Amino acid sequence: MAGIDWLVLAAAAAAIAAVNWWFFMAGRSVPAAAALATAAGAAGVEIIVAGGNSPAAVQIPVGTPVRLVFHRRDTSSCSEEVVIPAFNVRRFLPSGERTVVDITATEPGRYPFTCGMSMLRGTIIAHG
């Protein structure tokens, strides 16, 4: 192999690694307090539901009411429900609409949320 062949192989391997990191390992988290303000004064964050949850991780403060606003943008049957077991939440998400879920974490931890089929996943990270 010529030197240019090795260079092309190295560039391809680097591109594959970068794509995999971006889609599978890059942390996508938004501090709730900085995301949006609500009329009730609670911190809030909008989560776009479109083939997944964006952001997939949401940071919230312990002991502070937080308003999660799920904005469902697709029509897939998998995305028609959000389930947050730690907060006893199971909500229908109408397509094209925003659905509000108010929660308050009482202790630090990681609280998963999923679609009704447990395929679309996300995490609420409560910190003190």
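Reader: Why does threonine 75 count as exposed?

Author: This is a predicted model, and the values are computed from it. In it, threonine 75 has a relative accessibility of 68%. Exposed means over 50%, so threonine 75 counts as exposed.

Reader: Where does threonine 75 lie?

Author: Threonine 75 is in the loop between strand S6 (66–72) and S7. Its C-alpha atom is separated by 8.5 Å from that of alanine 50, and the two residues are 25 apart along the chain.

Reader: What makes leucine 9 partly exposed?

Author: The relative accessible area of leucine 9 is 42%. Partly exposed is the range between under 20%, which is buried, and over 50%, which is exposed. The value of 42% lies in that range, so leucine 9 is partly exposed. This residue belongs to helix H1 (residues 3–25).

Reader: Which residues make the nonpolar surface patch?

Author: Met1, Trp6 and Leu9 make the patch, which covers about 390 Å². A residue in a patch needs over 30% relative accessible area. Leucine 9, at 42%, therefore meets that cut-off.

Reader: How do you know that glutamate 46 forms a salt bridge with arginine 98?

Author: The closest N and O atoms of glutamate 46 and arginine 98 are 2.6 Å apart. The cut-off is within 4 Å, between a side-chain nitrogen of Lys or Arg and a carboxyl oxygen of Asp or Glu. The distance of 2.6 Å is within 4 Å, so the pair is called a salt bridge. This pair links distant parts of the chain, with glutamate 46 in strand S3 (residues 43–49) and arginine 98 in strand S9 (residues 98–103), 52 residues apart.

Reader: Are glutamate 46 and arginine 98 buried or exposed?

Author: Neither word fits, because glutamate 46 counts as partly exposed at 24% relative accessibility, and arginine 98 counts as partly exposed at 49%. Buried would need under 20%, and exposed would need over 50%.

Reader: What makes the meeting of arginine 67 and aspartate 102 a salt bridge?

Author: The N to O distance between their side chains is 2.7 Å. A salt bridge requires a distance within 4 Å, so arginine 67 and aspartate 102 qualify. This pair also links distant parts of the chain: arginine 67 is in strand S6 and aspartate 102 in strand S9, 35 residues apart. Arginine 67 is partly exposed at 23%, and aspartate 102 counts as partly exposed at 47%.

Reader: Why are aspartate 74 and arginine 72 called a salt bridge?

Author: Their closest N and O atoms are 3.7 Å apart. That is within 4 Å, so the term applies to aspartate 74 and arginine 72. Both residues are buried. The structure holds four salt bridges.

Reader: How many cavities of 30 Å³ or more does a search of the whole structure find?

Author: The search finds one. The largest cavity holds about 50 Å³ of space. Its lining includes Val49, Phe70, Glu81, Val82 and Cys115. Strand S7 (81–84) and strand S10 (109–115) are the elements that give two or more residues to this lining.

Reader: How do the residues of the lining of the largest cavity divide?

Author: Six are nonpolar, three are polar and one is charged. Glu counts as charged, so Glu81 is the charged one.

Reader: How many helices and strands are there in the protein?

Author: The protein has two helices and eleven strands. Along the sequence, the pattern reads α-β-α-β-β-β-β-β-β-β-β-β-β. Of its 128 residues, 35% count as buried.

Notes
Residues are numbered from 1 along each chain as its sequence is written. This is a predicted model: local features need pLDDT of at least 70, side-chain atom pairs count only at pLDDT 80 or more; totals for chains, interfaces and linings use all residues. Side-chain values use heavy atoms; hydrogens and water are left out. Patches are made of residues with over 30% relative accessible area and no salt bridge: like charges are joined within 9 Å, nonpolar side chains (Val, Leu, Ile, Met, Phe, Trp, Tyr) within 5 Å. Accessible areas come from the Shrake-Rupley method with a 1.4 Å probe; for residues, only the protein chains shown count as cover. Helices (H or I, at least four residues) and strands (E, at least two) are DSSP runs, numbered from the N terminus. Buried means under 20% relative accessible area, exposed over 50%, partly exposed in between (1.4 Å probe, protein chains only). On a 1 Å grid over the protein atoms alone, a cavity is a set of points where a 1.4 Å probe fits but cannot get out, and a pocket is an open set with protein on both sides within 12 Å along at least five of seven lines; lining residues have an atom within 4 Å of a point. Grid points are joined across faces, edges and corners, and a volume is the space filled by probe spheres set on the points.
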